[in-house]
Amino acid sequence: MRSRLVLLIMGVVVPLVAFAGGATLWLAEEQRDAATVRMEGVVTALSLSLDHELENAIALLELLSKSHALAEERYPDLRTEALAALQGRPLWSAVVVADPFGKFLMNTALPPGAPLPTHRDLPLFETIRKKPEPAVSDLFTGLVQRRPLLAAAFPLHSRGVLSGSLLMTIPTENLSELLRVQAMPPGWTATIIDSTGTIVARSRDADTMVGRKVPVGSRPEGINMYLSKSVEGVPVYVSSRRLKRADWTVYCLVPVGIVEGPSRLTILVMLAGGTATLALALSWAALFGRRFVREVRMLAEDATALGVGQPLNTSHRFTIDEVAGVRDALHRTAQAVRQREDWQRGAEQQLRQAWNEAEAAHREADRANRAKTAFLAAASHDLRQPAQSLLLFADLLKRKMKGHASAHIVDALQQSANALNGILNGILDISKIDAGFVRTELADVPLAPIVEEIQREFAEQAAAQGLELRVIDCGVMVRTDPVLLGRVLRHLVENALKFTTNGGVLIGCRKRGSMVRLDVIDTGRGIPEEHTEAIFEEFFQVDNPGRDRKRGVGLGLAIVRRLLTALGHKMEVASRVGRGSRFSINLLVTGQRANERGAEADGFSTSARNGLLLVIEDEVYVRAAMTTVLSEWGFDVVEAASAREALTTLAGRCPDLIVADYRLRDNETGYSAVGVVRTLCGVNVPAIIVSADTSPSKVAMAREAGTSLLSKPVSLHELRKVIRKELQRL
């Protein structure tokens, strides 16, 4: 038993020592790998930052090259523009204009009117003369600033001939400061070396090291971190990366002792500690083994007696507390087993009861969800159907009663119908969003067509109010759902026009790095600061205690917030009372794209074209309203409740346009009815689908079917515009 105890101790201690040694070696390797990753991160971040700075500088020089002041050699004005461009660019110190041979024509580092150096023999000028394209210099000493500098240059051309260059200088101490403030562990060093092997910036000892020549070795192929020696002769690990925009190399140097020192010390400590632990364990086994073996034998006798139901031998005396505890545990174990069996039976019963209750709750939740789905589907269709006919008849009645003594009654009826429509749409939209029925379909889309469509849609309303609706160029690609973003913009522009009496509304874009800020700016009454959060709550309106329905019902911004949350876009609100408001949406830019401006006509003239229109609608009063309106516009109208009835009514004729409801009876849809008529005619007849559901999936369905999609209830203005667009395809 004693020999087995010794073997047991050795079997435990030796593997532990071996494992600890292996773990220490693994830890050392992990430390090297971690240092490699971090060094790569440092040089990558620095190189990307420097490339970005150089790209920005060249872009700024290109912008200055197009200045009228430069073209007309008005250097004082050009100097003012250049100094303004340098604002906010702490790395760069001056902008210089030189002729093709290095003669200075302007230098912002000198006061106005100060004499300029007549000539500067800089290799950068020779580079541009040989290859007239943007370039970045190696280290040189400035004649004006009289300190080590680097420069980015942009060639100037006049009638296809090199006429000079624009330079932007960066002092090396600014680059060294940029390296110094990087988040690097103590002892790490970042260095930038130009193509000649000259140190141009260093995070440590920059005053003594900048300008010093060092041998430039090549980076071993396929190795992220390699051994070398620093300028001071210290063995270091090195990671490097070349810049894309300049012939510079960024280095990160870490002394070998910083990376490997802790792991070496740990290995020595583990070896010494393991050896000492093994010796102590063997000595303890030899001393403790005899007593342990004797008491284990007595414990075995007691266990045997307990197993056969005999009483324990009370004469046994245990000096080892743990062994005595085992004997006491034998008694407690039998009692605990019986108690656990009783508890387990009770727990199983409770678990079965809880499971049954959970299943019942799940069935109830499913039932409630199905009921909510059915309600929203019915509400979206059944409530919008009478609203659709009400709006059409009210608009038609207003035209017929124009100039009549009772025309004001029709105006009141139309206002009430519009208010009802606004409340209905708002409540149903909010219910759909909260119920999770609105699904986002994100894609990379051009922003300009979305904004321009909003401008066309609201241009007539803005003009009627005597307001100016302007759009500033938004020629970028963004990551968004175009349908939902269009709904957001409609609410924001509609709100801006509603609360603006003088001036106008501006839709514009402002680039912010990888993001673009889409603004809707008005010159209206503004929003008090204490209400900037409350305006996004349902039915809240500033300065409308009388609930004037001409000013809306207070649901538009509540829908905007919910839609932006679903899209993952952030919104900013800025407003000044009496000056106006700005609602901004931050969008991710995925690329540049030129604006696509289309000359889509708004409105419809009945004298432009008469034709045969087919209306497919299963609700009699809605069909009657639609037929009456279209007949008033000078069309020959054929009406039907289904595709089969349409074929019978057409009697072999082919309509110029189909207007169909999306949901028809007997599980028939407007798309299937349009398909039947198109098959009969043998041509792709233009069609408009009117639906209470204009979710992204329905928009995609309309796009695939080659039809326009209108949301119920549709206004006559919208209907006229879309009919005009569809008939233009003929």
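# Reading side-chain contacts and burial

Q: Which residue forms a salt bridge with Glu457, and how far apart are the closest N and O atoms?
A: In this predicted model, Glu457 forms a salt bridge with Arg490, and the closest N and O atoms of the two are 2.8 Å apart. The pair connects distant parts of the chain, since Glu457 belongs to helix α10 and Arg490 to helix α11 (residues 482-498), with their positions 33 residues apart.

Q: Is Glu457 buried or exposed, and how does Arg490 count?
A: The idea here is to set the relative accessible area against a cut-off, and buried means under 20%. Glu457 has a relative accessible area of 19%, so it is buried, whereas Arg490, at 26% relative accessibility, counts as partly exposed.

Q: How many salt bridges does the structure hold, and which parts does the pair of Glu453 and Lys721 tie together?
A: The structure holds 20 salt bridges. One of them joins the side chains of Glu453 and Lys721, at 3.8 Å from N to O. Because Glu453 lies in helix α10 (residues 447-464) and Lys721 in helix α17 (residues 716-727), this pair ties together parts that are 268 residues apart in sequence. As for burial, Glu453 is partly exposed, with a relative accessible area of 22%, while Lys721 counts as buried at 8% relative accessibility.

Q: Where do Arg582 and Glu572 lie, and which residues are joined into one network by salt bridges that share partners?
A: The side chains of Arg582 and Glu572 meet in a salt bridge with an N to O distance of 3.9 Å. Arg582 is in strand β18 (residues 580-592) and Glu572 in strand β17 (residues 570-576), and the two residues are 10 residues apart. Glu572 is partly exposed, its relative accessible area being 28%. A network arises where salt bridges share partners, and in this way Glu72, Arg74 and Asp77 are joined into one.

Q: What is the count of disulfides, and which parts of the chain does the pair link?
A: The count comes to one disulfide. It is formed by Cys654 and Cys681, whose sulfur atoms are 2.4 Å apart, and a cut-off of 2.5 Å between cysteine sulfur atoms is what admits the pair. The angle about the S-S bond is 120°, and the link of Cys654 and Cys681 is right-handed. The pair links distant parts of the chain, 27 residues apart, with Cys654 in the loop between α14 (643-650) and β21 (657-661) and Cys681 in helix α15 (residues 670-681). Cys654 counts as partly exposed, at 35% relative accessibility.

Q: How is a pair of aromatic rings described, and which residues form the aromatic pair here?
A: A pair of aromatic rings is described by two values, the distance of the centres and the angle of the planes. The structure holds one aromatic pair. Tyr662 and Tyr671 form it, edge-to-face, with 5.8 Å centre to centre and 70° between the planes. Tyr671 counts as buried, at 14% relative accessibility.

Q: Which residue lies over the face of Trp188, and which over the face of Trp633?
A: Arg38 lies over the face of Trp188, at 5.8 Å from the ring centre. Over the face of Trp633 lies Arg720, at 5.2 Å from the ring centre.

Q: Where does Thr707 lie, and which residues does it touch?
A: Thr707 lies in the loop between α16 (696-705) and β23 (708-711), and at 9% relative accessibility it counts as buried. Leaving aside residues up to four places away in sequence, Thr707 touches Tyr671, Arg678, Ala687, Ile689 and Ala702. Tyr671 is thus a contact of Thr707 as well as a member of the aromatic pair.

Q: In which helix is Thr172 found, and is Thr172 buried or exposed?
A: Thr172 is found in helix α5 (residues 172-180) and is buried, with a relative accessible area of 4%. Not counting residues up to four places away in sequence, the residues that Thr172 touches include Leu139, Pro148, Val200 and Val210.

Q: How many residues of strand β19 are buried, and in which sense does β19 pair with strand β20?
A: Strand β19 (residues 612-616) is mostly covered, five of its five residues being buried. The covering applies to both faces, with Leu612, Leu614 and Ile616 buried on one side and Leu613 and Val615 buried on the other. β19 pairs with strand β20 (residues 636-640) in the parallel sense, over five bridges, and the bridge partner of Leu614 in β20 is Val638.

Terms used: Residues numbered from 1 in each chain as written. Predicted model: local features only at pLDDT ≥ 70, side-chain atom pairs only at ≥ 80, totals over all residues. Heavy atoms only, no water. Helix = DSSP H or I, 4+ residues; strand = E, 2+ residues; numbered from the N terminus. Buried < 20%, exposed > 50% of the residue type's maximum accessible area, 1.4 Å probe, protein only. Salt bridge = Lys/Arg side-chain N within 4 Å of Asp/Glu carboxyl O. Phe/Tyr/Trp six-rings, centres within 6.5 Å; stacked < 30°, edge-to-face > 60°. Lys NZ or Arg CZ within 6 Å of the ring centre and 35° of its normal. Contact = heavy atoms within 4.5 Å. Pairing = 2+ DSSP bridges.
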